[in-house]
Amino acid sequence: MKSILPEKLINFAQTLPYPLYIVGGAVRDFAAGLHSETADTDVCAPADVADFAARAEKAGFEIKAEYKNTGTVKFFCGEEDFEFTCFRSDEYVRGGHRPVATYLTDDINLDARRRDFKCNAVYYDIAAGKFVDPLGGLEDIDNRRISTVAPAKKVFGEDGLRLMRLARISAQTGFLPDAECLQGALANSALIRDVSAERIFAELMLILNADKKYGISMGQYAGLKILKNTGVLQIILPELCAGEGMVQNKKYHKHDVLEHSLRCAAYADERVRFAALLHDIGKPYCLKTAGNFIGHDEEGARIAEEICARLKAPKKLTEETAELVKLHMYDFRCDARENKIRKFIIENVGILDKLLLIKQADYSACTDDFSVAPSVEKFSKIYTAMKSENVPFALKELAVKGNDLIEAGVPAQEVGNTLLQLLTDCAIKLCKNDREKILTRLKKVYMPTLNPAVYAVYAQKFAEEEAEKRAARAVAVADKKRLRAEKYDDGKRKKSSPKSS
C-alpha cells in the first residue's frame, strides 16, 4: 500500500514514536482492488491530538483544523487531504448519531470496535508497511461481505446514519451485508428519523450515483433495495413505498409502481436519477383518491416538491425535479402532431435533454426493454430537424428584438408575448428566422389586434403593394398571351406560304 501513499507521509510516519495507521475506506479499497479518483484517506494513532498536530506542522504539513474534543486533526499533504483521529472509544445513547462521550485509548481493538463495519476496521501501519486486522475485516473484504464490528443491533442502535451508510457502502463497493447486519438494520430502521434531512439527502444522492464511485454495475439499484429491505425507504420516502404491490397495466408493465420506480432510477442517466426515482410519485395518491392514475404527473410534481422541501434538497434541483415529473408523460402515446411537438420543444428546450433521459429510463423500466423509446426517437428526430432548419430556440436567437417591434408599432406591454409568438411561428415553419420576413408577418398577422391604428397604415401600404403586384401579374399575363399569339401567327404564315422550287 506504500506505493499509493505520499513519500512525505511515509517519511513522517517513520519519525514518530508511535505507529501511524491508514484506516477505513482507503485500506478497504486497496485490499479489494477498488480505485476511485475521490478516495478518502483517514489516519490514526495512539497519540495525543496536540502532540500529533505539533509534529505534523514541524514536518511541514499544513494544519487545516484541530478539534481537541474529538481528537481530530485535518491536514494537507501536497494536494491530498487527510484526517487524523486519536485512538478512542465512543459512548452513544440510542440513535444519538453523535457520541455523548469520547475516551482516548492506546488499544487498537477498542478503536476498531467504535467503527461500523469490519471491512472499515482494517489498519495499515505506514512505517512497518503491514496490515493490522484486529476484527477479521480482511476476510470480509476477500469475501465482499459487510458485517458489523459488534452485534448488529448494537451498532445500528448507536447511530441511525449507519443505516444509510450500509446501503451506500454496499452500493458503491458491491459488498453484500450478511444476514445479521440486515436484521440489525431492520430492527433499528426507526432511528433514521433522528438523522438530519441534509445528511439523509446527501447519502441518498451518493447511493443514486453509487456506480460512479468504483464502476460497480447497477450499484445504485442494489443500494435502493437495501434501503427498502431494511425499512429505511418506507420512512424517508413513504410516498414512494406506497406504490409497493400496486399493479399496473400488464400490457405495458412487468413491475408494480415501486419496483418500476426503483428500476427507472437505476436505468437512468446519473444526471436525472433523483427525478427518475420520483417520476411516478403521484400514482399512489391518484389511485387512492380517484381510483386511477390519471393526472399522476401533475400531482407527482406537487408531491415531488414536498419531498424535496422535506429533504432540504437544493432549490435548483427541486425545481428541475418537479418540472421533469410534470412533463414526463407528454405524448406518451406518440400521437401528438409534429407542430405540437415543435411548440413543446421551444417551450421546454432548457430541460429537453434531461426529459428525454427520463422518458428513456421510464420506457426501459416498464418491461426492462433497453431499445430506444419510441417517444425519444420521435422527439429526437424532430429536434434534429429543427436544428438543421436553423430554428431559433430562444428569444436571443430570434432575428428581431424588442426594439424592432416597438418601432413597428407594437405596444410596449405586448412586446414580450409577441416575441414568444413569433418564436413559435418560426418553430412551426410559418415563418423563416429572417428579420424582414418576421416583420412582415408581424404587420400582417398580429398588428390588426395589437394596434389597429398602425395596422390601418400598414394595410393601405399592403393594399398598394398588392395592387402593384396584381398589375404586374396582369401585364405579365398579357405579354405571355401576346407572345403566344405572335408565335401562332408566325407558324400559320409559314404553313400558308408557297414552297420554294
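The structure, a predicted model, holds 18 aromatic pairs (rings of Phe, Tyr and Trp, the last by its six-membered ring, with centres within 6.5 Å). In one of them, the rings of Phe52 and Phe84 sit with centres 3.7 Å apart and planes at 5°, so this pair counts as stacked (planes under 30 degrees apart). Phe52 belongs to helix α3 (residues 49-58) and Phe84 to strand β5 (residues 80-86), so the pair ties together parts 32 residues apart in sequence. Helices (H or I, at least four residues) and strands (E, at least two) are DSSP runs. Residues are numbered from 1 along each chain. Local features need pLDDT of at least 70, and side-chain atom pairs count only at pLDDT 80 or more.

Turning to helix packing, α19 (residues 338-348) and α21 (residues 374-388) meet at an angle of about 75°, their axes 10 Å apart (axes are lines fitted to C-alpha atoms over the stretch in contact). That makes α19 roughly perpendicular to α21 (65 to 115 degrees). Among the residues in contact (heavy atoms within 4.5 Å) are Ile341 and Phe344 of α19 and Phe379 and Ile382 of α21. By class, the contact has nine nonpolar, no polar and three charged residues.

As for pockets (open sets of 1 Å grid points where a 1.4 Å probe fits, with protein on both sides within 12 Å along at least five of seven lines), the second largest has 28 lining residues (an atom within 4 Å of a point). Tyr252, His253, Met329, Phe332 and Cys366 lie nearest its centre. Helix α20 gives the largest share of this lining, five residues.

Notes:
Side-chain values use heavy atoms; hydrogens and water are left out. Axes are lines fitted to C-alpha atoms, for helices over the stretch in contact, and angles run from 0 to 180 degrees between N-to-C directions. Angles under 35 degrees count as roughly parallel, over 145 as roughly antiparallel, 65 to 115 as roughly perpendicular and the rest as oblique. Ala, Val, Leu, Ile, Met, Phe, Trp, Tyr, Cys and Pro count as nonpolar, Asp, Glu, Lys and Arg as charged, and the others, Gly among them, as polar. Rings of Phe, Tyr and Trp (its six-membered ring) pair if their centres lie within 6.5 Å; planes under 30 degrees apart count as stacked, over 60 as edge-to-face and the rest as tilted.
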